[in-house]
Amino acid sequence: MDKNSKTVWSNTAVPQVAESKQVRLWRALIVAATFVLLSSALLFMPFWHMLEDQARDSMTQKFLMAKDTHPKVVLVDFSDVSIQKLGGWPLQRSQMADLVEELIGPLGAKVVGLDMMFPEAGDAVGDARLASMAEHGPLVLAHVLDMEQRSTPIKVGVTADKIKAPQLFSDQWAAVPSFGYVANHAGLRNARCVGHVGVRLDADGVVRRLAPMVKGPNGNMNTFAGAILDCGLPTKTQTPVAAPAQIVQGQPTSWRLPFTQGLDAFDSVEAMDVLDGAVDPERIKGKYVLVGSSAVGLSDYVTTPLQALTPGVLVHAQALAYLLDNGSPKPTSTLHWAELLVALCLSAVTWFLWHWRKRYATLWGVCILLGWPLVCAFAFTKLVFPWLLFVPALCLGTLLSLTVFEYKMLRDIKQRALLTLSQFVAGPVLKQLYDMGLANSLRPQQQNITVLVVDMRDYTRHTDEMSLENIAALTREFLALITQPVLDHEGTLDRYSGDGLIAFWGAPLSREDHAIATLNCAKAMQAALAEWNLQRKAQGLDAIGMRIGIESGSALVGDFGSAARSVFTAVGSCINTAARLQELGRNLKCDLVIGPHTAALVEDELLALAEVEVKGLRNNLQVYTLPPATTTVSAAV
């Protein structure tokens with residue numbers, strides 16, 4: 001029995017619908033469509049990019065920033081203390097020249113970069129000394145190139161026209177056009193090394209990216225850090241260009257600065273100490289020196305992933321340190337092909353696991369959610385910067401689409417199952433089955449039940465001379481009469497058998513009083529029949545009789561059939577026995593015949609009829625009926 005029941009269940013309609021090829025194809029199409037739409041949305045959604053940047057900022061702060069002092073970069077700081085001691089800002093031009101000469105000469109700096117502009121001339125001697133060092137020495141001046149197109153362009157000072165051609169970023173990066181500038185005065189226009197210090201803020205006001213090259217009025221200009229490195233290379237004069245060129249299609253224009261150094265990772269000396277000769281030459285010799293200001297009054301602060309208020313010179317120090325340690329950065333695709341490929345592979349695995357074992361797919365999604373940040377953390381330590389949220393979002397999105405699709409499919413199956421069961425079981429029973437879960441309720445399982453088989457007595461005699469319409473009307477009325485008590489007593493209607501029906505109690509909702517409920521239903525049927533016959537008699541029609549057979553036992557109850565058609569029914573010897581007892585009522589001249597197994601389960605005092613031989617059974621059965629006060633014994637067949 002177990003083997004057969006297992007085979008029957010494997011062919012039932014519900015599993016076949018759930019795992020059919022068509023369903024698997026739809027599932028795959030849903031996953032593919034979700035992946036394409038979600039990846040397209042994430043790649044081009046500004047809000048998502050902002051979330052991704054903020055997540056990578058957090059990862060940067062935890063796993064990337066070096067704490068050790070960088071060996072090649074030194075900051076010279078015009079702090080509030082230095083500015084106050086040196087006489088206030090702006091500094092006398094001769095003092096600035098003294099500072100640069102001290103750094104390049106006695107202290108032996110490799111290159112000095114001034115992260116400040118001099119749009120107005122100062123004292124002639126100081127300007128001449130600075131101009132000479134800018135034209136012939138390792139001194140890098142700064143320009144701010146305005147990359148925003150404004151109704152009135154900003155043009156302050158005179159841009160340098162003999163600057164070195166960019167070499168560090170020239171091969172793979174395109175130049176961003178500029179529309180204005182803040183430059184130095186005309187006396188410094190012959191400077192050989194100039195870098196742009198302008199930045200563009202992201203949507204949340206944070207500086208994360210630099211333009212490696214910007215198209216100025218007199219040619220391409222390096223970012224400040226790149227200009228510092230290029231300044232030590234052989235001179236290559238930029239060819240003047242009359243008008244800004246357009247961006248080269250396909251080439252990147254924005255470099256995401258990794259911020260690999262912590263805030264305290266650079267040796268910093270006070271400007272006043274340099275002018276006083278109080279700085280150990282070993283701190284400066286052979287190093288790249290950035291001269292800037294942390295003075296609050298000068299407002300040279302920006303927001304970076306490091307902290308809310310970061311001195312602007314530290315941004316260029318970060319870029320310089322990265323370039324010194326790693327060389328020119330390679331542009332990355334804006335479409336993030338590597339992350340797309342990883343997400344595609346992980347989503348495919350999710351689909352296969354869902355098709356195999358849904359709980360494994362859910363566990364896989366949790367592993368992706370927890371594991372991908374660890375992969376990103378390791379990658380960050382290797383200066384590889386994958387998107388942190390993109391891959392989990394795609395994978396969890398496909399998993400969610402599978403969940404929604406599965407929910408809809410199961411809901412449709414439940415609705416079909418409910419529609420099917422509603423034809424066989426009473427409303428209260430159906431509600432309890434739904435609460436318990438239809439899948440378990442439909443699965444064939446062994447249960448103890450009581451079966452009731454009822455048939456119209458003398459159906460052929462009653463319908464022999466009737467028209468087809470009257471036969472159909474009589475049959476409908478009789479079946480309605482005997483069906484309602486089954487539903488009222490929360491029984492399960494198995495099937496109609498021509499002019500009768502088969503019903504059972506104890507399944508799919510298990511109950512201890514299944515035998516008592518069956519007898520109560522039989523009594524209700526007899527009462528309903530008696531009332532109906534009174535109506536027929538008043539209409540001058542013949543009375544209708546019926547025979548009922550009842551027996552209890554174990555049966556296999558559930559959804560049986562194939563993918564094409566299935567039915568909720570019971571299979572067991574007690575069903576056949578109840579049908580035989582109904583037929584024996586003809587010979588016993590009794591409308592209600594009760595089997596011995598049912599009699600053993602009821603407390604009512606039953607009337608013993610006889611010991612009868614039942615076809616298909618080896619031993620005779622003692623059968624019973626209700627006492628004459630509660631049942632109808634026929635006088636004739």
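In the predicted model, Arg 192 is located in the loop that runs between strand E6 (180–182) and strand E7 (193–196). Arg 192 is buried but takes part in no salt bridge, and the nearest side chain of opposite charge, that of Glu 135, is 8.9 Å away. A polar atom of the Arg 192 side chain does, however, lie 3.0 Å from the backbone oxygen of Gly 137.

Arg 192 also belongs to the lining of the largest cavity, together with residues including Lys 164, Cys 193, Met 221 and Asp 230. Two or more lining residues of this cavity come from each of E7, strand E10 (219–222) and helix H8 (224–230). The space in the largest cavity amounts to about 80 Å³, and the structure holds 3 cavities of 30 Å³ or more.

The largest pocket has a volume of about 1,200 Å³. Its lining consists of 38 residues, and those nearest the centre are Arg 56, Arg 209, Arg 256, Thr 332 and His 336. At least two lining residues are supplied by each of helix H4 (46–63), strand E11 (255–256), helix H11 (337–356) and helix H12 (358–381). H4 gives the largest share of this lining, with 6 residues.

Arg 256, one of the residues nearest the centre of the largest pocket, is part of strand E11. Its side chain forms a salt bridge with that of Asp 53, with an N to O distance of 3.4 Å. This pair links distant parts of the chain, as Arg 256 is in strand E11 and Asp 53 is in helix H4, 203 residues apart. Both Arg 256 and Asp 53 are buried. The side chain of Arg 256 makes a polar contact of 3.4 Å with the side chain of Asp 57 as well. A network of salt bridges links Asp 53, Asp 57, Asp 202, Asp 204, Arg 208, Arg 209 and Arg 256. Arg 209 thus appears both in this network and among the residues nearest the centre of the largest pocket.

The count of salt bridges in the structure comes to 20. One of them joins Asp 98 and Arg 129, whose closest N and O atoms are 2.4 Å apart. Asp 98 is in helix H6 and Arg 129 in helix H7 (residues 124–136), so this salt bridge ties together parts that are 31 residues apart in sequence. Asp 98 is partly exposed, at 35% relative accessibility, and Arg 129 is likewise partly exposed, at 22%. A further salt bridge is formed between the side chains of Glu 406 and Lys 358 (3.4 Å, N to O). Because Glu 406 lies in helix H13 and Lys 358 in helix H12, the pair ties together parts that are 48 residues apart in sequence. Glu 406 counts as buried, at 4% relative accessibility, whereas Lys 358 counts as partly exposed, at 30%.

Helix H10 (residues 312–326) has 15 residues and should span 21 Å at 1.5 Å a residue; its end C-alpha atoms are 22 Å apart, in agreement with that value. Of the 15 residues of H10, 13 are buried, so the helix is largely enclosed by the rest of the structure. Gly 327, just after H10, has a positive phi of about 80°.

Most residues other than glycine have a negative phi, and most peptide bonds are trans. Phe 259 is not a glycine, yet its phi is positive, at about 55°. Phe 259 is placed in the loop between E11 and strand E12 (267–270) and is buried, with a relative accessible area of 3%. Leu 383 also has a positive phi, near 60°. Leu 383 lies in the loop between H12 and helix H13 (390–421) and is partly exposed, at 25% relative accessibility. The peptide bond from Trp 89 to Pro 90 is cis, with omega near 5°. Pro 90 is in the loop between helix H5 (80–85) and helix H6 (93–104).

Glu 611 is part of strand E22 (residues 607–612). Glu 611 is exposed, with a relative accessible area of 56%. The C-alpha atoms of Glu 611 and Gln 622 are 4.2 Å apart in space, and the two residues are 11 residues apart in sequence.

Note on methods: Residues numbered from 1 in each chain as written. Predicted model: local features only at pLDDT ≥ 70, side-chain atom pairs only at ≥ 80, totals over all residues. Heavy atoms only, no water. Helix = DSSP H or I, 4+ residues; strand = E, 2+ residues; numbered from the N terminus. Buried < 20%, exposed > 50% of the residue type's maximum accessible area, 1.4 Å probe, protein only. Lys, Arg positive; Asp, Glu negative; His and termini not counted. Salt bridge = Lys/Arg side-chain N within 4 Å of Asp/Glu carboxyl O. Polar contact = N/O pair within 3.5 Å; in protein donor to acceptor, adjacent residues only side chain to side chain. Expected span 1.5 Å × (residues − 1). 1 Å grid on protein atoms, 1.4 Å probe; cavity = no way out; pocket = protein on both sides within 12 Å on 5 of 7 lines; lining within 4 Å. Points joined across faces, edges and corners; volume = space filled by probe spheres on them.
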